[in-house]
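Please open the model in a viewer and keep the selection tool at hand. The tour below proceeds from one group of side chains to the next.

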Amino acid sequence: MFYFLIFLYLYNQLAILVQQKEKRLVSSECFLTISSKPSHLSTPSSLFLHQDPAPSFFFFSLPSSSIFLSYKSIHYQFSTSVYLFYYCSRNMSTFPHFGTAAIHVGQEPEQWDMNQVVPPISMSSTYKQDQPGEPKGHDYSRAGNPTRDVLQKNLAALEDAKHCQVFASGLAATSAIINLLKTGDHIVCSDDVYGGTQRYIRRVAVPNHGLEVDSVDLTDVKNLEKAIKPNTKMVWFESPSNPLLKVVDIAAVVQVAKKANPEIFVVVDNTFMSPYFQRPISLGADVVVHSITKYINGHSDVVMGAVITDNDEFQQHLFFMQLAVGAVPSPFDCFLVNRGLKTLHIRMRAHYENALAVAKYLEANDRIESVLYPALESHPQHQVHQKQTKGMSGMISFYLKGELQQSRSFLSALKVFTLAESLGGYESLAELPSIMTHASVPAETRAVLGITDNLIRISVGIEDLDDLIADLDQALKIAIPKV
C-alpha cells in the first residue's frame, strides 16, 4: 500500500509536468512493472538535465525523495536504487519503420466500398444526410474530405504526432498558426527564415493584427532568454534555416521557452528536413509546420502546407481555420501528396547521398569561399545537427568568390540544375536568394544576415551524382575562369 500511494503521488506530479509541457495529460494504455535500475543510467547526487530524443518512458524511484523522470527529450535524474518502470503508450497509428508507415497508415483498403488498395479521389463538394443535421461523416468538403482525411492521418503518423491539418499552401498554414494570437501578443522569430514567413509577419501580422515580433539569432539560446517578454506567446524558427542553414537546438529552445512560460507555443518549420530526418515534436516542440510543396510531395506539382501537433486544443483551432477561413487544398492535390509520401523515405536517402557528395566537392573547390551544409563537420552547428537528426536533406548554400555578376554567370551556365525558386523536388534547382526567394527581406537585414549577392542556394535532386558535379564544375569555371 505504501508503494501504491507513492506511485499515485508521483503519477499526479508527472501529469502536472506533462500538462505544463504539452497542455494535455498523458493518456491511453499505461503499464506498470517493477524493474531494477536501467543499465544506461548513472546515479549522480544532484539533479541534471539530459537531452535525448527518447520515447515516452518514465522511471520512478522509491522512496519519493529519489526520482528519475524521462519524458520524450527531457530526462530528470536523482540517485536511487529501486525503480518503478512506467511506460505510457501514445496509442498512435504508427509503425516501427518510417517507410512502412508512409505506405500503410491511413491507407487501409477496408475503409472503402470496394477495398481499394489506393485511396480514391473524393471530388464531391457536399454529402447526403439521412436525417437533417446528421451527416454520415462530413457535411461539406471545406470542413472535411475523405481524401484529405487520408493524407492528414498519414502525415501525423510520420511526425509521430496525434493531429495534422493541411492547408492550400505553406503560407496558409503559417497564417492559420499565427491566427491563434491576439492583438498585443509577442512572437520571438528566428532571424533567418523563409522570405514569405518574415513578409507575412512583418507586413500583415504586425501592422494589421497588432502583434509584436522580435527577430533574434536562436542558435544561441541566451538570445531567446533576453527576447522573451511577459506577453510572449510564440517562438517560431526553422532548423535548418532558409537560406543560411542555421541549426537551432530544438530541445534547448523548448526548455528556455517553457521555463519562462509554459503557455508559450514553440513552432518549428520542418520543411527543409521532412519527418524522415527530424521530428521536432519528439524534441518537445508544440507545433510543426511544413510547406508540403517541397520534400513531402517531392514532385514540384502541388502547392500545400501542413500543421502538425499533439495539442488537442490547438488542433481544434486549426480545424476551425480550415472551416472558417477556407484555405484548404483540393482532393486531387491531397491525392498527389499522398502518393508522393510513398517514396519519401527513398527520396530523402538519395537527396542526402547526393548532397553530401556535392557539399564536399564544393568545399574543396577554390572558386568557393565557404559551404553551408549541416552534415559537414565544418558547419558551426554540426554537433547540434548530429544530435537531433538522423541525416540531412539536399539543401546547400554556398558563397562564390565573386559578386552579383559571377553569381548571374554561374546560374545562367547551369544545364542540369534548373534556375528556379522552390526546393525539395526530385529535380535539382539553384537560385540566388538576394534577388529571388528573399528579395522581400529588407536590404539592410540581408546585409546583416549575410544574404549577399554571392550566396547561392541549391536543392540537390536525385539525378546521377556525376552529372550534378560535372554541371556545377563547368558552370563555376565559366563564372570564375581564373582562381
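Which side chains meet in a salt bridge at 3.3 Å, N to O? In this predicted model, they are the side chains of Lys-229 and Asp-214. Lys-229 is found in the loop between H6 and E12, whereas Asp-214 belongs to strand E11, so the pair ties together parts that are 15 residues apart in sequence. Asp-214 is partly exposed, its relative accessible area being 27%.

Keep Lys-229 selected and add Glu-212. The side chains of these two residues also form a salt bridge, with an N to O distance of 3.9 Å. This pair links distant parts of the chain, 17 residues apart: Glu-212 is in strand E11 (residues 212–216), and Lys-229 is in the loop between helix H6 (221–227) and strand E12 (232–238). Lys-229 has a relative accessible area of 36% and is partly exposed; Glu-212, at 34%, is likewise partly exposed.

Next, select helix H15 (residues 465–479), where both Lys-477 and Asp-473 lie. Their closest N and O atoms are 2.9 Å apart, and the two residues form a salt bridge. They are separated by four residues, about one turn of the helix. Lys-477 is partly exposed at 44% relative accessibility, and Asp-473 is partly exposed at 22%.

For the last stop, select Asp-191, Asp-217 and Lys-246 together. A network of salt bridges links these residues.

How many salt bridges are counted in total? The count comes to nine, including the pairs Lys-229 with Asp-214 and Lys-477 with Asp-473.

Technical notes
Residues are numbered from 1 along each chain as its sequence is written. This is a predicted model: local features need pLDDT of at least 70, side-chain atom pairs count only at pLDDT 80 or more; totals for chains, interfaces and linings use all residues. Side-chain values use heavy atoms; hydrogens and water are left out. A salt bridge is a side-chain nitrogen of Lys or Arg within 4 Å of a carboxyl oxygen of Asp or Glu. Helices (H or I, at least four residues) and strands (E, at least two) are DSSP runs, numbered from the N terminus. Buried means under 20% relative accessible area, exposed over 50%, partly exposed in between (1.4 Å probe, protein chains only).
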